[in-house]
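Let's take a walk through this model together, starting from a single residue and working outward. Keep the viewer open as you read.

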Amino acid sequence: MANASAKDAEDSSEVKQLKRDLEGYRELILPLNKILEWEQNYYPAILVGVITLIFSILWYLEPSVLTTVCLLGVILSVTDFALPAVTGRLFNSANWTIVEERHFEAICVRLLNAKRHIKDAEAYLVSLKKEKPKMYLLLLVGSFAVMAWLGSLIDNLLLTYLLVVGSALVPGLRKQGILQKLVSKVTEVVGGLRRGPEKAAKAKTN
């Protein structure tokens, strides 16, 4: 019981800290979240269209990788510096409603959940490496081999475009329940692969 209370207090503290960190962007986070979660049927088309336009410009200009990374760094730096000040002038904090605050808090909770999922995946790989090193090696080598094969078949810019589009569509897929179904199927397949060697070992023992 004490552990559960301590966990709840820690979660609440993390949510409050994240809300403070993102407070300067909250007026823009809410409409962006609506687009990412496909609250309107045409939002996915807008999302994919904007990403396609950006990558089309990159394809036309053909900047080097270093130039692209540096330009992205400049844009992010200027945005991080100027956006809170601009939103503070454009939006009055007195107009911020309780409903918007609840939506903002829910977004922060989901961001923390995503962070925990990444940590859980890391912990799973560490556990798999200790308990089943051969399966761990097969999983990593197989994954890297598939990615290398795909990289040799698909142009780098196109592959990056597909990854960005896929990442941008994840919140909407999760909201529609499609992502959960895919994860469930993948989990079943991985679980079957892990149980296979165990059944074979028991059969040999018997």
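W38 counts as buried, because its relative accessible area is 18% (buried means under 20%, exposed over 50%, partly exposed in between, using a 1.4 Å probe and protein chains only). You'll find W38 in the loop between α2 and α3. Its backbone is worth a look too: phi is positive, about 60°, although W38 is not a glycine.

Before going further, a word on what you're looking at. This is a predicted model, so local features need pLDDT of at least 70 and side-chain atom pairs count only at pLDDT 80 or more, while totals for chains, interfaces and linings use all residues. Residues are numbered from 1 along each chain as its sequence is written, and side-chain values use heavy atoms, with hydrogens and water left out.

One residue that touches W38 is L169, which also touches L47 and V48, not counting residues up to four places away in sequence (contact here means heavy atoms within 4.5 Å). L169 sits in helix α7, residues 156-175. Along the chain, L169 and V48 are 121 residues apart, yet their C-alpha atoms are 8.5 Å apart in space. The chain as a whole has plenty of that sort of thing: of the contacts between residues at least 6 apart in sequence, 80% join residues at least 24 apart.

So what is the overall layout? The protein chain has eight helices and zero strands (helices are DSSP runs of H or I with at least four residues, strands are runs of E with at least two, and both are numbered from the N terminus). Reading along the sequence gives α-α-α-α-α-α-α-α. Of the 206 residues in the chain, 16% are buried. The accessible surface comes to about 15,700 Å², and carbon and sulfur atoms account for 67% of that (areas are from the Shrake-Rupley method with a 1.4 Å probe, and for residues only the protein chains shown count as cover).

Now for a second positive phi. E62, in the loop between α3 and α4 (65-90), has phi near 50° and is likewise a residue other than glycine. Is E62 buried or exposed? With 63% relative accessibility, E62 counts as exposed.

Some charged side chains do end up buried. K19, in helix α1 (residues 2-21), is buried because its relative accessibility is 18%. Beyond its neighbours within four places in sequence, K19 is in contact with E101, F104, E105 and C108. Then there is E27 in helix α2, also buried, with a relative accessible area of 16%. Its contacts, again leaving aside neighbours within four places, are T87, F91 and W96.

Helix α2 (residues 26-36) also packs on helix α5 (residues 98-131): the axes come within 10 Å and cross at roughly 75° (axes are lines fitted to C-alpha atoms, for helices over the stretch in contact, and angles run from 0 to 180 degrees between N-to-C directions). That makes α2 roughly perpendicular to α5 (under 35 degrees is roughly parallel, over 145 roughly antiparallel, 65 to 115 roughly perpendicular, and the rest oblique). On the α2 side you have R26, I29, L30 and N33, meeting E100, E101, H103, F104, I107 and R110 of α5. By type, the residues of this contact are four nonpolar, two polar and four charged (Ala, Val, Leu, Ile, Met, Phe, Trp, Tyr, Cys and Pro count as nonpolar, Asp, Glu, Lys and Arg as charged, and the others, Gly among them, as polar).

Next, follow α5 into its packing with helix α6 (residues 133-153), where the axes are 5 Å apart at an angle of about 130°. That makes α5 oblique to α6. L125, L128, K129, K130 and E131 of α5 make this contact with P133, M135, Y136, L139 and L140 of α6. Here the split is seven nonpolar, no polar and three charged.

Finally, how far can you trust the picture? The mean pLDDT of the chain is 84, and 88% of its residues reach 70 or more (pLDDT is the predictor's confidence in each residue, from 0 to 100). Among the elements, helix α3 (residues 43-61) has the highest mean, 93, and helix α8 (residues 178-205) the lowest, 69. Where pLDDT is low, the predicted coordinates should not be read in detail.
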